[in-house]
Amino acid sequence: MYKIVLLPGDGIGNEVTASAVEIIKTVSKYFNVEIQLEEHLIGGSSYDKYGTPITDETLSACYNSDAVFLGAVGGFKWDNLPHQLKPEAALLKLRKALGLFANIRPAKIYRPLLDSSTLKKEVLENVDFIVLRELTSGIYFGEPRMFDDMHGLNTMIYHKEEVERIAKIAFKIARERNKKVTSVDKANVLEVSQFWRNVVHQVHKEFEDVQLSDMYVDNAAMQIVRNPKQFDVILTSNLFGDILSDIAGMITGSLGMLPSASLGTKYSLYEPVHGSAPDIAGQNKANPLAAIASVAMMFDYSFGLKSAANLINEAISKSLEENFRTTDIYSKGCQLVSTNEMTKSVIEKFEELFHSQAIGVFTL
Ligand code: NAD
């Protein structure tokens, strides 16, 4: 039995979490996995009730979970609160408390959306890679840090165990995919990058069935838009990953299509990349597909149910093939649907695919 803690948060976080729950229940039913769901407040909704964006109860529920699902936090209402009380402060606290050092963002375009990206169709066809970003160290956390009228200073530092643990995750993930890791750094200029590169190559000795190559970050940025098909797993540090994952995100065409996973040694958290979208909150207009694809990642990475994850992704693809579109991905000639309708369609496609695969296995 798995225990999933749900943190819907604010705005459309609530709507897309409701969609995620529907999918979790469907997978639980068809794959015979017992799943316990426990919901807690986070962000502005937690501040309104408890005066803090995240309570100790919410944190301890997460400590007792097999996986956490987060919707999104934030909204105009809480914009003027002191920094530590803002909804977004809860995210940083949660990620730190759970030791989530590895952030995974897939860059994959569903075939029916090939025309909605700003990149050319022929460049995007069959692109399927992930950006694995180190999330809890590097220049964003390094000390000393300061600025005054005359200077500004930050420190980019990595310790051996920090590089080792993220490199191991990269190789393990690549083993389940196309067995290729591209480690991205700036070793021609930065000592910290040369160190990163050395450690990644040491770790690689345990994973020689996986192909490893190195790439400078400036070239990687160019290659992601020039020939993204060459990548399988991009492994990189916090700062470079921040930038590269956003570039890679454009491949999917819309914020509403971008899922993510953050993993630690013990805990894992899954969330759509988008925010709480106050402009469309409460209107049943939000695209639930990023949240649904985040659930697919949960079944894959936390519960080892890759077949369920694949089925969810195929069901998303089928719904798009039938031209169902929420407002953010709508184009002429398609059928405009609400959050609930899109969710319902993905569930129907999931059920159809499940039955057709089950019959296939039976016939064989
Ligand atoms: P946003 O991602 O909420 O919205 C940006 C634009 O994209 C909006 O026009 C919105 O309507 C649209 N959009 C986003 N997700 C969508 C979806 N699933 N379906 C359809 N359209 C979608 O970013 P923002 O407007 O800069 O931020 C709003 C609030 O969210 C802020 O308070 C911000 O701090 C917070 N935020 C939270 C997270 C998080 O919880 N992880 C991430 C980013 C921003």
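1. Let's start with the sheet. This open sheet has 10 strands in the order β2-β1-β3-β12-β11-β4-β5-β10-β8-β9, and its pairing is mixed. If that word is new to you, strands of a sheet pair through backbone hydrogen bonds, either parallel or antiparallel. Please keep in mind as you read on that this is a predicted model.

2. Where does the sheet end on each side? The edge strands are β2 (35-39) and β9 (211-216), and each of them pairs on one side only. On average, and ignoring direction, neighbouring strands of this sheet are turned by 25 degrees against each other.

3. Now follow the edge at β9. Strand β8 (residues 180-185) and β9 run parallel, and six bridges join them. To find one such pairing in the viewer, pick S183, whose bridge partner in β9 is D214.

4. Two helices are worth a look beside these strands. Helix α8 (residues 217-226) lies across β5 (128-134), β8, β9 and β10 (233-236), and runs at about 105 degrees to β9. Helix α9 (residues 238-249) lies across β4 (102-108), β5, β8 and β10. The direction of α9 is at about 155 degrees to β5.

5. Next comes the ligand. How many residues surround the ligand? There are 21, and the closest are E88, G275, A277, D279 and N287. Sorted by class, the shell around the ligand has 10 nonpolar, seven polar and four charged residues.

6. Which atoms make polar contacts here? From E88, a polar side-chain atom lies 2.4 Å from an oxygen atom of the ligand. For N287, a backbone N or O atom lies 2.8 Å from a nitrogen atom of the ligand. In H274, an N or O atom of the side chain is 3.3 Å from a nitrogen atom of the ligand. As for cover, the ligand has 800 Å² of accessible area on its own, and the protein covers 69% of it.

7. A small spot you might otherwise skip is S45, which lies in helix α2 (residues 44-50). The side chain of S45 reaches the backbone oxygen of G9 at 3.4 Å. Leaving aside residues up to four places away in sequence, S45 touches G9, D10 and W78.

8. Finally, here are two backbone details to check. Most residues other than glycine have a negative phi, and most peptide bonds are trans. The peptide bond from E143 to P144, however, is cis, with omega near 0 degrees. You will find P144 in the loop between β5 and β6 (146-147). The other detail is N32, where phi is near 55 degrees, a positive value in a residue other than glycine. Look for N32 in the loop between α1 (12-30) and β2; that strand is one of the edge strands from point 2.

Conventions:
Residues numbered from 1 in each chain as written. Predicted model: local features only at pLDDT ≥ 70, side-chain atom pairs only at ≥ 80, totals over all residues. Heavy atoms only, no water. Near = heavy atom within 4 Å. Polar contact = N/O pair within 3.5 Å; in protein donor to acceptor, adjacent residues only side chain to side chain. Areas by Shrake-Rupley, 256 points an atom, 1.4 Å probe, with all protein chains shown as cover. Nonpolar A, V, L, I, M, F, W, Y, C, P; charged D, E, K, R; others polar. Pairing = 2+ DSSP bridges. Helix = DSSP H or I, 4+ residues; strand = E, 2+ residues; numbered from the N terminus. Axes fitted to C-alpha atoms, helices over the stretch in contact; angles between N-to-C directions. Contact = heavy atoms within 4.5 Å.
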